[in-house]
Amino acid sequence: MQKVVDVTETIADRLGYDGWYTLHLLSHVPVDADALRLRAPEAARGYAMVKTWEDEVRMYHAEVRWPMRGLVRWVVRSRGAQKDLWQRLMVLWWIGKGGRISTAALVAADAYQRATGDAGIFGWVRRMPSGMSEGGDVALPGGDILVVGEAYWVPRGFVAVSGKEARWTRYGNAPTGTS
């Protein structure tokens, strides 16, 4: 009798432009969904969605997706040309259903400070809610102010926070001055 060797291949392991992280595994044996959920960072684990299935050649697939809640090097794409232009180190934080931008921004600023040692003082959202003006301020512990503005590149339902020491840098062969 031939022994089946458990070989697991990673098909996808990436953060998408929608702000959701995807990990897709392929194996000869079923993958434990609960163990896969533990691959998500603790801050996002409760929101992780796991699905498993067997394909027509008896290979087992397991995919876990979770909303990003942590430090990333975010690459900004041009609106129309679908080219990667700029990148910046920031915390991307999912606001959550019924969540408040100000609360998510405070948590993201704290996560940014803990990860980089730099105060998170710039925040962006896709659209400002009614009642909050562009350049709205969120008071941070210690007296710093987080300034929040709109940016087309922030995924819907997320807030992005970065600090004064982080810089926008050109990505690849991106032309300067393009937004």
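User: Before we start, what counts as a salt bridge here?
Analyst: A salt bridge is a side-chain nitrogen of Lys or Arg within 4 Å of a carboxyl oxygen of Asp or Glu. Please bear in mind that the model is predicted.

User: Which residue does Glu54 form a salt bridge with, and how far apart are the closest N and O atoms?
Analyst: The partner of Glu54 is Arg58, and the closest N and O atoms are 3.2 Å apart.

User: Are those two buried or exposed?
Analyst: Glu54 is partly exposed, with a relative accessible area of 39%. Arg58 is exposed, at 56%, because the cut-off for exposed is over 50%.

User: How many salt bridges does the whole structure have?
Analyst: A search of the whole structure finds 4. Among them is the pair Asp18 and Arg65, with 3.4 Å between the closest N and O atoms.

User: What does the Asp18 and Arg65 pair tie together?
Analyst: Asp18 lies in the loop between strand 1 (8-15) and strand 2 (20-27), while Arg65 belongs to strand 4 (residues 60-67), so the salt bridge ties together parts that are 47 residues apart in sequence. Asp18 is partly exposed, with a relative accessible area of 38%. Arg65 also counts as partly exposed, at 24% relative accessibility.

User: And Lys51, which side chain does it meet in a salt bridge?
Analyst: The side chain of Lys51 meets that of Glu63, at 3.9 Å from N to O. This pair links distant parts of the chain, with Lys51 in strand 3 (residues 49-54) and Glu63 in strand 4, 12 residues apart.

User: Is Glu63 buried or exposed?
Analyst: Glu63 counts as buried, at 15% relative accessibility, because buried means under 20%. Its partner Lys51 is partly exposed, with a relative accessible area of 46%.

User: Changing topic to helix 2: what span should it have, and how far apart are its end C-alpha atoms?
Analyst: Helix 2 (residues 101-116) has 16 residues and, at 1.5 Å a residue, should span 22 Å. Its end C-alpha atoms are 22 Å apart, which agrees with that expectation.

User: Which residues of helix 2 are buried?
Analyst: The buried residues of helix 2 are Ile101, Ala104, Ala105, Ala108, Ala109, Ala111 and Tyr112. Viewed down the helix axis, they fall within an arc of 165°, so they line one face of helix 2.

User: Why would residues three or four places apart point the same way?
Analyst: An α-helix has 3.6 residues a turn, so residues at that spacing point the same way.

User: What follows helix 2?
Analyst: Gly117 follows helix 2, and its phi is positive, near 80°.

Note on methods: Residues are numbered from 1 along each chain as its sequence is written. This is a predicted model: local features need pLDDT of at least 70, side-chain atom pairs count only at pLDDT 80 or more; totals for chains, interfaces and linings use all residues. Side-chain values use heavy atoms; hydrogens and water are left out. Helices (H or I, at least four residues) and strands (E, at least two) are DSSP runs, numbered from the N terminus. Buried means under 20% relative accessible area, exposed over 50%, partly exposed in between (1.4 Å probe, protein chains only). The expected span of a helix is 1.5 Å times one less than its number of residues. The arc is that of the directions from the helix axis to the C-beta atoms.
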